Amino acid sequence: MSLNNFSIAALHPNANNFKITGIIIGKSNMSTFEKSGQQNGVVKFIIRDSNDHYINCTVWGTAQFIEEYNVQFKIGQVVNVLRSKISNVRHDNSFDPITSSSLQLTVNEGFGTVECFDGDVAQFVKLLNVPLKSTDLALNLADIASANPSDSGDFVDLLVVVAKLKPKRQLKNKGSVRDVIVIDQTLPGMFLTIWNEAWIDRSDSWDEMSTTLHLINISFKYSEFQKSNILETRTRTIIIVDPKSERSTALKDYVLNSTLSLTDFDTSEPDLASITTVMTLRQIADRIDSSTESVFHSLTYAMVTHMDIDGWSPFYSRRCIHCNCQIRVKETSCNKENCSIFFAESPLDEHYINYFNIPISLTDHTGTIEQCRLIGDTAERIIGHTLHDFLKLSDAERTAIKWKFLMERCSVKLWIKRKTALRWNTQIVIVDCQLANPAEVLEKIKVY
Ligand SMILES: [Zn+2]
């Protein structure tokens, strides 16, 4: 019996013996259960055949049959759904993705089938990047960050850029999970936990600081561990990668041109002349604890009480010249895949740059801050030597340089970068340090 070809838009509840062709844009985790002494399973797909039309397709069968489907069919594949059952979407169903179609397809083992489409897939593949709904309707991450934890579990739409892909984690008996840090113009990082195996696989092809995600019906909840709201996928979630829209392009441009940095080596230093707010170390510590701003600056009058540049403590670091990420000082090349490819294609002598990264303690009459850093070009300017030259100096010469600052009252300009999802620790970077003029100190120093 020949099959009737139907588009999703033209489907009706009485259609039978029909064929739908579309691309898989979403897929559930496979689940199994016992029924009449037999292991059965189910896996669900979202099938799309045009800009505006997509439908859910649920496949039931023995665990072995479902396992085969699960392995064979992935997001991005174009398939034919043949002789499936058709029914109305149940209104009380709060688990399946919300589709354009009010109908749903069901394939039962032995009744209906899904097979690979062997025609021209180009027109279908394009649909992977066509928004399912307007990206202008998406909320900002800042809205979610400030949302009341009692609203946890609500579904929202967001448009974000992948900032950092964390390694996949294997769960006991429950597949895997992956945390991704996402950003937008309003927030420098929020955790997104992906529980969906199909999307965990797809995420390997995402590029940090470039891939844009339209997250539709993503859920958020308060994490005690992160002490903030985080995002997580649910069975209802749909993801469109790099959606073609003006807002998506604008967001990508913003991230490419922003000063957000994934490393401690940040070349975009603030304008020194603009740092005039005088703060004591105690005030700085309080502001780190209490504020929500990701970055602030201060002018501080303090004594340098620790500056190890003449002993065995490490005072420089190494970064990859391609990705800017820190690598171990004893390694000569970054082991990221993209960097290996880059270096293979453009032969260079050195794949890294060494830079000063000096731990410094500051002390004033209100306390001590231990984990300040003097980094890169700033360190070279203040010390008066390039790292290259400094490494050739004798220990005695290095000690002499150290004593120019140690136990002296200095006027120090600090760039304080608070801990965020992208930054594991608060960083206090010294952007300027000069011996202080005692008269100036008397005039400006604060009691608290
Ligand atoms: Zn690298």
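**View 1. Helix α8 and its buried residues.** In this predicted model, helix α8 runs over residues 376–383. Gly376, Thr378, Ala379, Ile382 and Ile383 are its buried residues. Look down the axis of α8 and these buried residues fall within an arc of 155°, so they line one face of the helix. It helps to remember that an α-helix has 3.6 residues a turn, so residues three or four places apart point the same way.

**View 2. What sits over the buried residues of α8.** The cover includes two strands that come before α8 in the chain, β20 (352–364) and β21 (367–375). Helices α9 (387–390) and α10 (395–405) are also part of the cover, and so is strand β23 (427–435).

**View 3. Just past the end of α8.** Here you'll find Gly384, the residue that follows the helix. Its phi is positive, near 90°.

**View 4. Where domain 1 meets domain 2.** The domain assignment splits the protein into domain 1 (4–127), domain 2 (131–257) and domain 3 (272–444). Going by C-alpha atoms, the centres of domains 1 and 2 are 25 Å apart. At the meeting point, 12 residues of domain 1 are in contact with 10 residues of domain 2. On the domain 1 side, that makes six nonpolar, three polar and three charged residues.

**View 5. A stretch to read with care.** Across the whole protein the mean pLDDT is 89, with 96% of residues at 70 or more. Residues 262–267 are another story: their pLDDT is below 50. In the model, this stretch still has 16 contacts beyond near neighbours in sequence.

Methods
Residues numbered from 1 in each chain as written. Predicted model: local features only at pLDDT ≥ 70, side-chain atom pairs only at ≥ 80, totals over all residues. pLDDT = per-residue confidence, 0-100. Contact = placed C-beta atoms within 7 Å. Buried ≥ 20, exposed ≤ 12 C-beta atoms within 10 Å, placed from the backbone. Helix = DSSP H or I, 4+ residues; strand = E, 2+ residues; numbered from the N terminus. Arc of directions from axis to C-beta. Domains from an automatic or database assignment. Nonpolar A, V, L, I, M, F, W, Y, C, P; charged D, E, K, R; others polar.
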